[in-house]
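Hi,

Here is the structure I promised to pass on. My notes follow below it; have a look whenever you find a moment.

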Amino acid sequence: MTDHPPVSPIATGLTGKCPRCGQGALFEGFLGLRKNCESCGLDFSKADSGDGPAVFVIFIAGFLAVAVAFIARFAWFAPIWAAFLISSIFAIVIILALLRPLKAIMIALQYASKAAEGRLEE
């Protein structure tokens, strides 16, 4: 196995690249992970971001969607149905825009910090 220079977890996460070499694609499809990196061969089967990215996206999108609804209703004087519609569309766009990069960043940070499953030692 060749030695790979360290790459930024944030940069590789935002671009959706392999956390070890920064070259190969991490995703196959929208959120599905590849089996391994086509560039360096890193096995992605142990990479598991869990629910972390979804929780962060929910917090961010929820906060922003409520702010947009508030602005639409009380600053633009939109009817309540219009404020709800604008806020809903905004939330969907933000969710789709953030979920993939945050999942990739979480996986890259786990790789960079050598995160592993917890074990009890006796």
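Helices here are DSSP runs of H or I with at least four residues, and strands are runs of E with at least two, numbered from the N terminus. The model is predicted, so to speak of local features we need pLDDT of at least 70 and for side-chain atom pairs 80 or more, while totals for chains, interfaces and linings use all residues. Residues are numbered from 1 along each chain as its sequence is written, and side-chain values use heavy atoms, without hydrogens and water.

Let me start with the aromatics. The structure holds one aromatic pair (ring centres within 6.5 Å; planes under 30 degrees apart are stacked, over 60 edge-to-face, the rest tilted). Its partners are phenylalanine 70 and phenylalanine 74, with centres 5.0 Å apart and planes at 50 degrees, so the pair counts as tilted. Both sit in helix H2, and because they are four residues apart, about one helical turn separates them. Phenylalanine 70 is exposed at 53% relative accessibility (buried is under 20%, exposed over 50%, partly exposed in between; 1.4 Å probe, protein chains only). Phenylalanine 74 is exposed too, with a relative accessible area of 53%.

Now the interior. The largest nonpolar core (buried Ala, Val, Leu, Ile, Met, Phe, Trp, Tyr and Cys joined through side-chain atoms within 4.5 Å) has ten residues, among them Cys18, Phe27, Ala104 and Ile107. Leaving aside residues up to four places away in sequence, phenylalanine 27 has contacts (heavy atoms within 4.5 Å) that include Arg100, Lys103 and Ala104.

Finally, serine 49 lies in the loop between helix H1 (9-15) and helix H2 (52-74). Serine 49 is buried at 11% relative accessible area, and beyond four places in sequence it touches Lys103, Met106, Ile107 and Gln110.

Best wishes

Technical notes: Rings of Phe, Tyr and Trp (its six-membered ring) pair if their centres lie within 6.5 Å; planes under 30 degrees apart count as stacked, over 60 as edge-to-face and the rest as tilted.
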